[in-house]
Amino acid sequence: MPLLVGVVPFGLVTGVTMVAAGLSPLAAMAMSILVYAGATMLAAAQLLADSAPVLVLLLVAVVLNLRLVLYSASIRQHFAGLTAGERALAAYLLGDNTYAQSIVHFSQDSTHGLGDARAKLWYFFGISMPMWTVWQASVGAGIVLGARIPTGWQLEFAAPLVFIAATVPLLRDRAMAIAAASAAATAVLAHGLPFKLSLPLAAAAGILAGALAGRRPGPAAA
Amino acid sequence: MKVALQLAFCILGMGAVTYLLRLSFLMLPERLQLPAAVQGALRYVPVALLTALWAPELLLQKGVLALTLDNARLLAGFVAIGVAWRTRMTLATIVVGLVFLHFFDWVF
């Protein structure tokens with residue numbers, strides 16, 4: 001329940017920010033239902049305002065959501081034996097909150113069997129369907145609200161602020177800080193490149209620099 | 001019309017790739033596992049991509065590096081980084097960042 005209340009402000013902010021960045025209400029709502037991943041929607045709105053090409057947007061969606069593969073791999077054992085349709089619906093509803101809450105519940109009892117998998121599926125739906133509904137309603141309300149807010153309020157700046165809030169807690173060690181600094185420097189230096197190529201380039205530079213810095217005895221990174 | 005079509009393609013494409021990532025292992029045979037090396041490499045992905053998304057929004061003004069006091073986004077961004085560091089709260093970071101954006105716009 002508290003999780004449901006917690007999701008409301010984020011849905012509102014996401015809806016308002018997408019519209020503030022220049023996305024039409026229809027496009028923003030379609031994105032919310034089809035993509036159903038907050039950070040990806042904000043990044044898309046910001047990049048579309050910059051007229052980034054389709055390929056870069058798809059790349060960003062893949063990289064931002066790679067963690068969903070980890071969730072998928074981790075929750076699979078609990079859904080063993082279910083029909084393809086049931087797993088396909090569960091996949092659509094899989095996200096940070098629903099994964100975190102379900103996996104804690106699932107790991108408390110470790111019995112295996114089809115009856116058990118179906119009980120777990122219903123537990124998962126019990127969490128994720130209200131979550132989906134509340135999220136979509138909040139994004140919708142945000143979109144309606146955002147369309148009435150004058151552009152002078154600069155609410156599109158909420159998108160980079162969300163990314164800052166997501167980045168800062170990750171800067172726990174030197175390698176992470178080096179990854180962030182390298183990504184920032186590359187993004188700025190390569191800004192003039194066409195097709196928003198600076199973005200994949202900066203992400204690659206950050207990942208590489210972080211991985212090099214993270215190797216303990218390794219030589220100095222270039 | 002061309003723009004609308006491109007936008008529709010973008011939204012459908014992003015929806016498709018995001019869904020496929022969610023679906024990936026739920027549809028793969030049980031014997032296929034995610035290699036530990038891949039899990040390790042994923043460690044730096046969020047920090048690198050997220051920073052690549054926000055840093056230029058703070059550091060550049062109309063495509064030019066702007067490390068000056070009249071760059072309100074840079075100053076507000078610094079305040080937001082401080083708030084995120086201290087509170088670890090996304091909503092507080094957004095609200096304080098937006099308020100200071102307007103404050104610095106007004107002051108300088």
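This report describes a predicted model of two chains, A and B, and how they meet.

Residues are numbered from 1 along each chain as its sequence is written, and chains are lettered from A in the order in which they are written. Because the model is predicted, local features need pLDDT of at least 70 and side-chain atom pairs count only at pLDDT 80 or more, while totals for chains, interfaces and linings use all residues.

**Chain B**

Chain B has five helices and two strands; helices (H or I, at least four residues) and strands (E, at least two) are DSSP runs, numbered from the N terminus. Read from that terminus, the order of elements is α-α-α-β-β-α-α. The radius of gyration of chain B is 20 Å, well over the 13 Å that the globule rule gives for 108 residues, so chain B is more spread out than a compact globule. The radius of gyration is taken over C-alpha atoms, and the globule rule is 2.2 Å times the number of residues to the power 0.38. Along the principal axes, the C-alpha atoms of chain B fill a box of roughly 60 × 45 × 25 Å. Of its 108 residues, 38% count as buried. A residue is buried if 20 or more other C-beta atoms lie within 10 Å of its own, exposed if 12 or fewer, and partly exposed in between, with C-beta atoms placed from the backbone.

**The two chains together**

In the interface, 65 residues of chain A are in contact with 57 residues of chain B; contact requires that the C-beta atoms of two residues, placed from the backbone, lie within 7 Å. Helix H9 (residues 158-167) of chain A supplies the largest share of the chain A side, nine residues. That side divides into 54 nonpolar, nine polar and two charged residues. Here Ala, Val, Leu, Ile, Met, Phe, Trp, Tyr, Cys and Pro count as nonpolar, Asp, Glu, Lys and Arg as charged, and the others, Gly among them, as polar.

A nonpolar core is a set of buried Ala, Val, Leu, Ile, Met, Phe, Trp, Tyr and Cys residues joined through C-beta atoms within 7 Å. The largest such core has 83 residues, of which A:Val162, A:Ala179, A:Ala183 and B:Ala52 touch the most other members. Helix H3 (residues 45-59) of chain B gives the most to this core, with 10 residues. Domain 1 (2-155) and domain 2 (171-215) of chain A both give residues to this core, so the core lies between them. Apart from it lies another core of 14 residues, including A:Tyr71 and B:Leu21.

**Domains of chain A**

The bounds of these domains come from an automatic or database domain assignment. The centres of domain 1 and domain 2 of chain A, taken over C-alpha atoms, are separated by 26 Å. Eight residues of domain 1 are in contact with five residues of domain 2. Helix H4 (residues 54-64) of chain A gives the most to the domain 1 side, with four residues.

**Three loop residues**

| Residue | Loop | C-beta neighbours inside 10 Å | Class |
|---|---|---|---|
| A:Tyr36 | between H2 and H3 of chain A | 21 | buried |
| A:Ser51 | between H3 and H4 of chain A | 10 | exposed |
| B:Arg88 | between H4 and H5 of chain B | 12 | exposed |

A:Ser51 has a positive phi of about 45 degrees although it is not a glycine. Phi of B:Arg88 is also positive, near 60 degrees. The C-alpha atoms of A:Tyr36 and A:Gln136, 100 residues apart along the chain, are separated by 8.5 Å.
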